[in-house]
Amino acid sequence: MKSALVYLLMTRLKAQLKELVRKPARIVYLVLVVALFAVALLGGGGDGGAARDARELPALAGAFYGLMFVILVGAGFKNGASMFTLADVNLIFPAPIRARAALYYGLFRQFGASLLLGLFLLFQYGWLHSLYGVGVGVLILIVALYGVSVFLAQVVAMAAYSLTSMSPRRRALAEGLIYGVLGAFLVAVLARAALAPGGMSLSSLVDAADSPLFRLMPVAGWTAAMLRGAMTGDFIMLAAYAALTAAFLIAVVVLIA
């Protein structure tokens, strides 16, 4: 069963490569994208010194990831989230393949699609490098974390829809739980910034976002902590929050399965 899904993945990859060869316009498009990325890298050169507080970047990235997570999960409560195409329905569903194996196949493909969605962030290298002194490695991590946050949102949306679509009361309870937990963390972080000496300011917000309180916030805080760990060389922090994110994903997948 697993070999059948591996064969299907490899066949899809070969078909996409053949399609790329048959249509030179796509090769031109790919070369153009690579050239634009190279220009962005060269244009972002310099001494690499951070012009602003480097702690701002994980806070901004975490807030962005968290916003995307909330938007996608909110849409999932209404419409669900599908990781299968019509071809998958025709090929995989009637085949003698275990439902869980088909689910994991869909998750694997969806994760790849989620990573592709973050490629636009590669072109932000210039100002990120000049303002925060980030290198290419950190930029790739920013793209990867965007893909992870989108993938988590899609998986949670699928779980939420499948478990609550038949019961308005259950859906309201799930929405209240998800938004309540995230909202409580947000209020706590803002309150910490407001109660700091000098009151609410950019500096106090950055201090609050660079605290264990914000790092415990699901998705937004976890991704910010991973980015902060990579930027400071704190690989224990990076590994710990990566493990926490992986455990959360596994728990949701098990719930769906």
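The paragraphs below lead from the overall fold of this predicted model to its salt bridges, its internal spaces and a patch on its surface.

The secondary structure of the protein chain comes to 12 helices and 0 strands, so that a reading along the sequence gives the pattern α-α-α-α-α-α-α-α-α-α-α-α. The chain has 257 residues, of which 36% count as buried.

A useful place to enter the structure is Arg55, which lies in the loop between helix 2 (24-43) and helix 3. A search of the whole structure finds 5 salt bridges, and Arg55 takes part in several of them. With Asp53, the side chain of Arg55 meets in a salt bridge at 3.0 Å, N to O, and Asp53 itself counts as partly exposed, at 31% relative accessibility. With Asp207, the side chain of Arg55 forms a salt bridge at 2.8 Å, N to O; here the pair links distant parts of the chain, since Asp207 belongs to helix 9 and the two residues are 152 residues apart. Asp207 is likewise partly exposed, its relative accessible area being 35%. Asp210 also forms a salt bridge with Arg55, with the closest N and O atoms 3.7 Å apart. Because Asp210 sits in the loop between helix 9 and helix 10 while Arg55 sits in the loop between helix 2 and helix 3, this pair ties together parts that are 155 residues apart in sequence. The salt bridges join into a network that links Asp53, Arg55, Asp207, Asp210, Arg215 and Arg228.

Several members of this network reappear around an enclosed space. The search of the whole structure finds 1 cavity of 30 Å³ or more, and about 60 Å³ of space lies in the largest cavity. The residues that line the largest cavity include Arg55, Asp210, Arg215 and Arg228, together with Pro58, Ala59, Ala209, Phe214, Ala224 and Ala225. The elements that give two or more residues to this lining are helix 3, helix 10 (212-215) and helix 11 (220-232), and the largest share, 3 residues, comes from helix 11. By class, the lining of the largest cavity divides into 6 nonpolar, no polar and 4 charged residues.

From the cavity the reader can turn to an open space, the second largest pocket, which has a volume of about 440 Å³. The second largest pocket is lined by 21 residues, and Ala59, Ala63, Leu186, Ala209 and Phe214 lie nearest its centre. Helix 3 (56-79), helix 8 (168-194) and helix 9 (202-209) are the elements that give two or more residues to the lining of this pocket, and helix 3 gives the most, with 8 residues. The lining of the second largest pocket has 18 nonpolar, 2 polar and 1 charged residues. Among the residues named nearest the centre of the second largest pocket, Ala59, Ala209 and Phe214 are also found in the lining of the largest cavity.

The last stop is on the surface, where Val6, Met10, Leu13 and Leu17 form a nonpolar patch with about 360 Å² of accessible area together. Leu13 is found in helix 1, which covers residues 2-22. Leu13 is partly exposed, with a relative accessible area of 42%, and therefore passes the requirement of over 30% relative accessible area that applies to residues of a patch.

Notes
Residues numbered from 1 in each chain as written. Predicted model: local features only at pLDDT ≥ 70, side-chain atom pairs only at ≥ 80, totals over all residues. Heavy atoms only, no water. 1 Å grid on protein atoms, 1.4 Å probe; cavity = no way out; pocket = protein on both sides within 12 Å on 5 of 7 lines; lining within 4 Å. Points joined across faces, edges and corners; volume = space filled by probe spheres on them. Helix = DSSP H or I, 4+ residues; strand = E, 2+ residues; numbered from the N terminus. Nonpolar A, V, L, I, M, F, W, Y, C, P; charged D, E, K, R; others polar. Patch = residues over 30% accessible without salt bridge, like charges linked within 9 Å, V, L, I, M, F, W, Y side chains within 5 Å. Areas by Shrake-Rupley, 256 points an atom, 1.4 Å probe, with all protein chains shown as cover. Salt bridge = Lys/Arg side-chain N within 4 Å of Asp/Glu carboxyl O. Buried < 20%, exposed > 50% of the residue type's maximum accessible area, 1.4 Å probe, protein only.
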